[in-house]
Amino acid sequence: MKLMGMCSMRGWKGVQCRKLFVFATILFAASIVYFYISEKREIVEFTEGPVTDFSMKSTTEIVNDDIQKEGYYAYERAAQETGGERVIRFNKTSNDVIVFVHIQKTAGTTFEKFLVRYQQNLPCKCQAHKKRCNCGRNASNETWLFSRYSTGWVCGLHADFTELVVNSCVQRVLDKQAGHKKKRNYFYTTFLRNPTDRFISEFRHVQRGATWISSKHVCNGRPASVNDLPTCFDPRIGWEGVSLEEFISCPYNLAFNRQTRMLSNLSLVGCYEHLRRPSYEQDKIMMESAKENLRQVSVFCND
Ligand SMILES: *[C@@H]1O[C@H](CO)[C@@H](O)[C@H](O)[C@H]1NC(C)=O
Ligand SMILES: *[C@@H]1O[C@H](CO)[C@@H](O)[C@H](O)[C@H]1NC(C)=O
Ligand SMILES: *[C@@H]1O[C@H](CO)[C@@H](O)[C@H](O)[C@H]1NC(C)=O
Ligand SMILES: *[C@@H]1O[C@H](CO)[C@@H](O)[C@H](O)[C@H]1NC(C)=O
């Protein structure tokens with residue numbers, strides 16, 4: 001089955017993805033799994049029935065289960081099986097924040113629009129002709145959603161895990177907005193896509209003129225320099241109309257292995273060093289890191 005291979009990049013068995021793919025077939029009517037990060041790692045599920053229904057639940061029991069176990073995403077059944085579980089909800093009135101890690105060409109934009117405009121349980125205040133909505137909590141005006149259409153790209157265009165989490169950008173930005181340091185529960189969320197389809201989609205997007213040149217690629221506390229990360233094209237001209245051959249022959253093309261890279265802790269591999277000196281060892285470290293992080297974030301796969 002074609003869909004089964006969708007997350008099989010670089011030796012990753014694709015198990016999580018294959019399982020989670022169930023959700024993607026009906027993007028907005030599916031069950032969505034959230035992992036909740038705290039000292040005690042727990043999984044939080046976020047069920048969406050009709051678009052108006054928006055609740056999250058979690059059980060501490062599930063997290064100890066093998067991730068491949070079917071009950072993992074068949075939440076309703078798992079909850080019944082475990083019984084008496086501790087339920088964690090995304091707390092609307094507390095300090096819980098959903099952080100969306102937007103990997104290019106994975107349907108992230110659609111999901112982000114949905115979150116700010118169409119779900120009803122945590123409505124954001126949107127204005128006509130305004131790109132961003134105010135997802136501030138009623139009392140404090142502090143946002144419950146960190147994403148393109150709420151906070152905007154405050155951590156850089158398509159900021160990755162390294163920028164958002166490793167370099168603590170989310171924490172810093174929200175503390176700044178709140179005016180003081182604050183403890184929050186972050187619900188990291190992302191969408192994944194069959195790597196080949198995603199790559200081709202990115203290629204087409206670049207062909208149409210996209211470059212994401214203003215991405216900062218912050219790692220180890222500083223943005224990547226041109227030295228760290230040479231561009232594949234003359235920045236004054238862009239890469240519009242690039243041929244596939246040229247696209248795949250540039251070693252610094254960030255489209256390669258993008259999902260793994262954007263979900264891994266790049267501090268572990270000397271940031272963008274691996275682009276200059278590709279090595280199997282570093283690829284492996286990145287993959288392991290991405291997998292580890294994926295266990296902590298919510299994943300949506302789509303094809
Ligand atoms: C949500 O957070 C508020 C404020 O911290 C707290 O009073 C309330 O009990 C929490 N609700 C749940 C269901 O945990
Ligand atoms: C703000 O208030 C509205 C209307 O009472 C409610 O529907 C919404 O869920 C509240 N938002 C938050 C984030 O608490
Ligand atoms: C709430 O925050 C948003 C930005 O997050 C801002 O545009 C708005 O003016 C704030 N509203 C109030 C009442 O402070
Ligand atoms: C990322 O890797 C660095 C270097 O090993 C480590 O110090 C840091 O704690 C890691 N951060 C996260 C969020 O995994």
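This is a tour of selections to make in the viewer, with a note on what is found at each.

The model is predicted, so local features need pLDDT of at least 70 and side-chain atom pairs count only at pLDDT 80 or more, while totals for chains, interfaces and linings use all residues. Residues are numbered from 1 along each chain as its sequence is written, and chains are lettered from A and ligands numbered from 1 in the order in which they are written.

**Stop 1: strand β4**

Select residues 96-101, which form strand β4. Helices (H or I, at least four residues) and strands (E, at least two) are DSSP runs, numbered from the N terminus. In β4, 5 of the 6 residues are buried, so the strand is largely enclosed by the rest of the structure. A residue is buried if 20 or more other C-beta atoms lie within 10 Å of its own, exposed if 12 or fewer, and partly exposed in between, with C-beta atoms placed from the backbone.

Now add residues 185-193, strand β6, which runs parallel to β4 and is joined to it by 6 bridges. Two strands pair if DSSP finds at least two bridges between them. To see one of these contacts, pick F100, whose bridge partner in β6 is T189. Strand β6 has 8 of its 9 residues buried, so β6 too is largely enclosed by the rest of the structure.

Next add residues 145-146, strand β5, which is parallel to β4 and joined to it by 2 bridges. Here I98 has L145 of β5 as its bridge partner.

**Stop 2: from β4 over α4 to β5**

Select helix α4, residues 108-118, together with β4 and β5: the three make a right-handed β-α-β unit. A crossover is right-handed if, with the strands pointing away from the viewer, the path from the first strand over the helix to the second runs clockwise.

The loop between β4 and α4 holds A107. A107 has a positive phi of about 75° although it is not a glycine. Most residues other than glycine have a negative phi. A107 is buried, with 20 other C-beta atoms within 10 Å.

**Stop 3: helix α7 and the loop after it**

Select residues 195-207, helix α7. The helix has 13 residues and reaches 18 Å from its first C-alpha to its last, close to the 18 Å expected at 1.5 Å a residue; the expected span is 1.5 Å times one less than the number of residues. Colour P195, R198, F199, E202 and V206, which are buried. Seen down the axis of α7, these buried residues fall within an arc of 100°, so they line one face of the helix. The arc is that of the directions from the helix axis to the C-beta atoms.

The loop between α7 and α8 (244-249) contains W212. W212 has a positive phi of about 55° although it is not a glycine, and W212 is partly exposed, with 14 other C-beta atoms within 10 Å. S243 lies in the loop between α7 and α8. S243 is exposed, with 10 other C-beta atoms within 10 Å. Draw a distance from S243 to Q207: the two are 36 residues apart in sequence and 7.6 Å apart in space, C-alpha to C-alpha.

**Stop 4: helix α11**

Select residues 280-294, helix α11, which has 15 residues. Its buried residues are M286, S289, A290, N293 and L294. They cover an arc of only 135° around the axis, which puts them on the same side of α11. Turn the helix over: the face away from the buried side carries the exposed residues Y280, E281 and E292. E281 counts as exposed because 9 C-beta neighbours lie inside 10 Å. Between E281 and V269 there are 9.4 Å, C-alpha to C-alpha, and the two are 12 residues apart in sequence.

**Stop 5: three ligands**

Residues are listed around a ligand if their C-beta atom, placed from the backbone, lies within 6 Å of it. Ala, Val, Leu, Ile, Met, Phe, Trp, Tyr, Cys and Pro count as nonpolar, Asp, Glu, Lys and Arg as charged, and the others, Gly among them, as polar.

- Ligand 2: select K92, T93, L122, P123, R137, N138 and W144. This shell divides into 3 nonpolar, 2 polar and 2 charged residues.
- Ligand 3: select N134, G136, N141 and T143. The shell around ligand 3 has no nonpolar, 4 polar and no charged residues.
- Ligand 4: select V165, V166, N265, S267 and L268. The shell around ligand 4 has 3 nonpolar, 2 polar and no charged residues.
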